[in-house]
Structure formats: structure tokens, C-alpha cells
Amino acid sequence: MVLLPTDRMDSLFSPRCVWVNGPIIVGAGPSGLAVAACLREQGVPYVILERADCIASLWQKRTYDRLKLHLPKQFCELPRMKFPDHYPEYPTRRQFIDYLEDYAAKFEIKPEFNSTVLSARYDETSGLWRVRTSAPATGEMEYIGRWLVVATGENAESYVPDIPGLSGFAGEVTHVSEYKSGEAYCGKRVLVVGCGNSGMEISLDLFDHGARPSMVVRDAVHVLPREVLGKSTFELAVLLMAWLPLWIVDKIMVFLAWLLLGDLAKLGFRRPAVGPLELKETHGRTPVLDYGALAHIRAGDIGVVPAVTRFTKTGAELADGRILDFDSVVLATGYRSNVPQWLQGNDFFNKDGYPKTAFPHGWKGQSGLYTVGFTRRGLSGASADAVRIAKDLGNVWREETKPTKRAGACHRRCISVVF
């Protein structure tokens, strides 16, 4: 439910100040959309602010062409709407974007696009949140309300590591957020920095388009088969965890990986001492799912190299002392939260932009602060938090808008603070 003219009392204050008679949601990615849809179901009005000109800008503008959901679609659905039956088990990037656009249309979610949040702070004197934004068409605006929902998520900003010599490398340097296809790299020697799911998939994409990729494997990493006997590895793990302790499931996953993928140490991969599920639970590190890259690594089509010590003008010096030449570099180094850049005077988040309280209790802070999309559990974690947030706000909203016995009582909240 978007705000009605009576909910947005622009005329009460200055033209650049908007009173929001409901929560202020920052971010119109899947997390923000999920909260908005659940709030609509609860009958709670809201405003949703989005810095881009579209919903789910990460998916629409910063993902590569061959990307598919890494988990089966049933684990990636947003609340109250399933994927279409004709979608494959692992929907493509385009199919997921279509799903999100249909989701926004179904629940009549209409974000304030091109609205970049400059700051958000809680005003102790008035008991209200003040969210300052900037937009090309209107300039600076301030949204004021009792509740703030932080839905910018874990992937708000591209992360570029500080590697010595990178700025002096003469070839092309591209972050994964700008990479679309390996077509432009045909015949080139490409160093892919990062061996997560994106790094593995981009290395495969580069090879498929005639490039000669090498992938940097710096840290220990769990590599699991995407499927076991036709069933998703993730789905199998979920089923096992319903009956067995996490540590036993971890041992089963590691054994299956060894059985199906072989000894990956020979290929340059070291397994962490902690199991894949425990590592995800405690540190948010997602295991890598093999989509076919390992076969090409074994065949020598995709190289595996250790950490980069420094870049040279024509290539990179590696931790084992080798100096190799490359034409291009793709940084598959991921993303990070940007919450510390704009949320002021609040210690609910740590310096890395994640709630200090672990899942499943990190969705609610003090003074009307809520967070969604920071669970390190993907879309299913965001959906679970969205349902909790909407239910909590719905209860507060119904309590505050109860009719009173006094004649002529107003069902809307009012404030006496002068801005």
C-alpha cells in the first residue's frame, strides 16, 4: 500500500519536508519489495525510497548475462507469490527480474525512484526518524516518520580490494558489477580475482567465449556439486538438517563433495577446517557450487593461481613468486553494505554494515528501526524477516489506529512537533 495524499502531509511543513504516516523503507531491491508487499497485506501505508531508476537495480544493472539463481526457485520466492509454474528449477536473470516486476505490480509497489538517501537519524527530541534524500528532479528532501526500515541489503556497493599496483596495471580492470559477457575478451589472457560463485561462473563464461582465464584462489573454500543424484545440494542439506545435527550434515556434504568432485587440493583448492554449513552460519561465507568450471580446470582450460602479491604494468606477481602477464583483470570480489555511510547515531549495525544481533533476531532495533536483507541467508532469510517486520508494524498500527469512544476522535495519528 503506497501513501495516500492524506498520509503524505507535504503541505503541513515546507515543500521539501514530507511527513510519512507509516514506515520509511530505504531500498527497492527484493528485500524492500518483500517488506512493502507484507505491509500492504497488513494495511500499513509506507513510502519506499530507491536511489536507482528501477526496482532491483543490482539484478537489472549489475549482473552478468548468463547468471541464474544458484538455488532452486522454491528457496528464492518472496512472500505471498510463487514463481510461475513454467519457470525452470533455476530461473535465469531475466526471469527473476520479470518475477520481481510482476511482484511489484501485483502489490502496487511504487517506489520514489532516483531518491538517494544522504542520511538517516533518529531525533530523540521528537521521537521521529529524519531521512534526508537527494533527487535530480526535486533536489534535497527530508522524509519524517516514526519507523525506518533499512532494506539496502548486503550488496549495496561494489567492493574493490586495495591490491598494490592495481592502479598502474595497463590493461582493462573491470569489477564483476560491470561485467556482462566474455564476448569482449575473446583471445585475451584474463585474471579473475576471486573464487566465489561469481568468480567460478565468470571464469567459465570467459572460456566459453574464447578467452584464456586464470582464477585467483587466495583463501580456503568449500566447493560443492550443485546437485546430488538430480537433487539440489542445498535442498538435500535442508532435508538432512531437519533430522540431523549441523555438524553431521556438514560431514555428509564434505564426503559427497569428495565423492563427486574428487580431491580438489590437486587443483589448487584448500578446504576450510570448518564445515560448509557452519561456515555459512557463523561467518556468512557461502560455499561455491560447481556449474561445470571444475571440468575445465582439470582440463587446463581455466588456470588456478594463488593470491596476488602486487600488480605490474603488464600482469601480476603471485604469492608463489611467479610473474604472469595478463591483458585484462576482472574483480569478482563481491559487494558490501553501505549502511555506515548514511545511518547516523545508531549502534545497531557494526562497522561492516551488518546488525550486531545475529539471525533470527537481527530484524528489529530500538526506536522504530527495522532491518531486512542482512541475514546472510539470501532471499529466504530476507523473506522471513520481511514477514516478521510487517507483522510487528501491523500490530502497532492497528493498536494506534483503533477507534476511540470519544465523539469525533481521529483515527490518524497526529504530531505536535513543529519542524
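Biologist: I should like to begin with one pair of residues: which residue in β6 stands opposite arginine 130?

Modeller: Arginine 130 faces isoleucine 144 in β6, in what is a predicted model rather than an experimental one. As a general idea, the strands of a sheet pair through backbone hydrogen bonds, and they do so in either a parallel or an antiparallel way. In this case, strand β5, residues 128-135, and strand β6, residues 139-145, are paired in the antiparallel sense over seven bridges.

Biologist: In what order do the strands of that open sheet come, and which ones are at its edges?

Modeller: The sheet is open and has four strands in the order β1-β6-β5-β4, with mixed pairing. Its edge strands are β1 (17-19) and β4 (116-123), each of which pairs on one side only, and from one strand to the next the twist averages 20°.

Biologist: How should I read the sheet that contains β3, β2, β7 and β22?

Modeller: You can use the general idea again, that pairing between strands is either parallel or antiparallel. Here the four strands form an open sheet in the order β3-β2-β7-β22, and the pairing is parallel. Because β3 (47-49) and β22 (369-371) each have a single partner strand, one side of each is left without a neighbour in the sheet. The twist in this sheet averages 20° from one strand to the next. Within the sheet, strand β2, residues 23-26, pairs with β7 in the parallel sense over four bridges, and isoleucine 24 has leucine 148 in β7 as its bridge partner.

Biologist: Which strands do α1 and α10 lie across?

Modeller: Helix α1 lies across β2, β3 and β7, and runs at about 155° to β2, whereas α10 lies across β2, β7 and β22, and runs at about 170° to β7.

Biologist: What describes the packing of the two helices α1 and α10 against each other?

Modeller: In general, two packed helices are described by the angle between their axes and by the distance between the axes. For α1 (residues 30-42) and α10 (residues 378-400), the angle is about 35° and the axes are 8 Å apart, and the crossing is right-handed. Among the residues that make the contact are Ala34, Val35 and Leu39 of α1, together with Ala386, Ile389 and Leu393 of α10. The contact residues divide into 12 nonpolar, three polar and two charged.

Biologist: Which residues have the most contacts inside the largest nonpolar core?

Modeller: They are Ile25, Tyr99, Tyr103 and Ile109, in a core of 54 residues. The elements that each supply at least two residues of this core include α1, α3 (93-106), α4 (197-208) and α10. Leaving aside neighbours within four places in sequence, tyrosine 103 is in contact with Leu33, Ala34, Ala37, Leu78, Pro79, Met81 and Ile109. Another core, apart from the largest one, has 22 residues, among them Val20, Leu49, Trp129 and Leu148.

Biologist: Finally, is aspartate 392 buried or exposed?

Modeller: Aspartate 392 counts as buried because its relative accessibility is 18%, and the cut-off for buried is under 20%. This residue lies in helix α10 and, not counting residues up to four places away in sequence, aspartate 392 touches Trp363, Lys364 and Tyr370.

Biologist: And what does aspartate 65 count as, and where is aspartate 65 found?

Modeller: Aspartate 65 counts as partly exposed, because its relative accessibility is 48%, and its place is in the loop between α2 (57-61) and α3. Not counting residues up to four places away in sequence, aspartate 65 touches Lys180 and Ser181.

Technical notes
Residues numbered from 1 in each chain as written. Predicted model: local features only at pLDDT ≥ 70, side-chain atom pairs only at ≥ 80, totals over all residues. Heavy atoms only, no water. Axes fitted to C-alpha atoms, helices over the stretch in contact; angles between N-to-C directions. Left-handed = near helix turned anticlockwise from the far one by under 90°. Contact = heavy atoms within 4.5 Å. Nonpolar A, V, L, I, M, F, W, Y, C, P; charged D, E, K, R; others polar. Core = buried A, V, L, I, M, F, W, Y, C linked by side-chain atoms within 4.5 Å. Buried < 20%, exposed > 50% of the residue type's maximum accessible area, 1.4 Å probe, protein only. Pairing = 2+ DSSP bridges.
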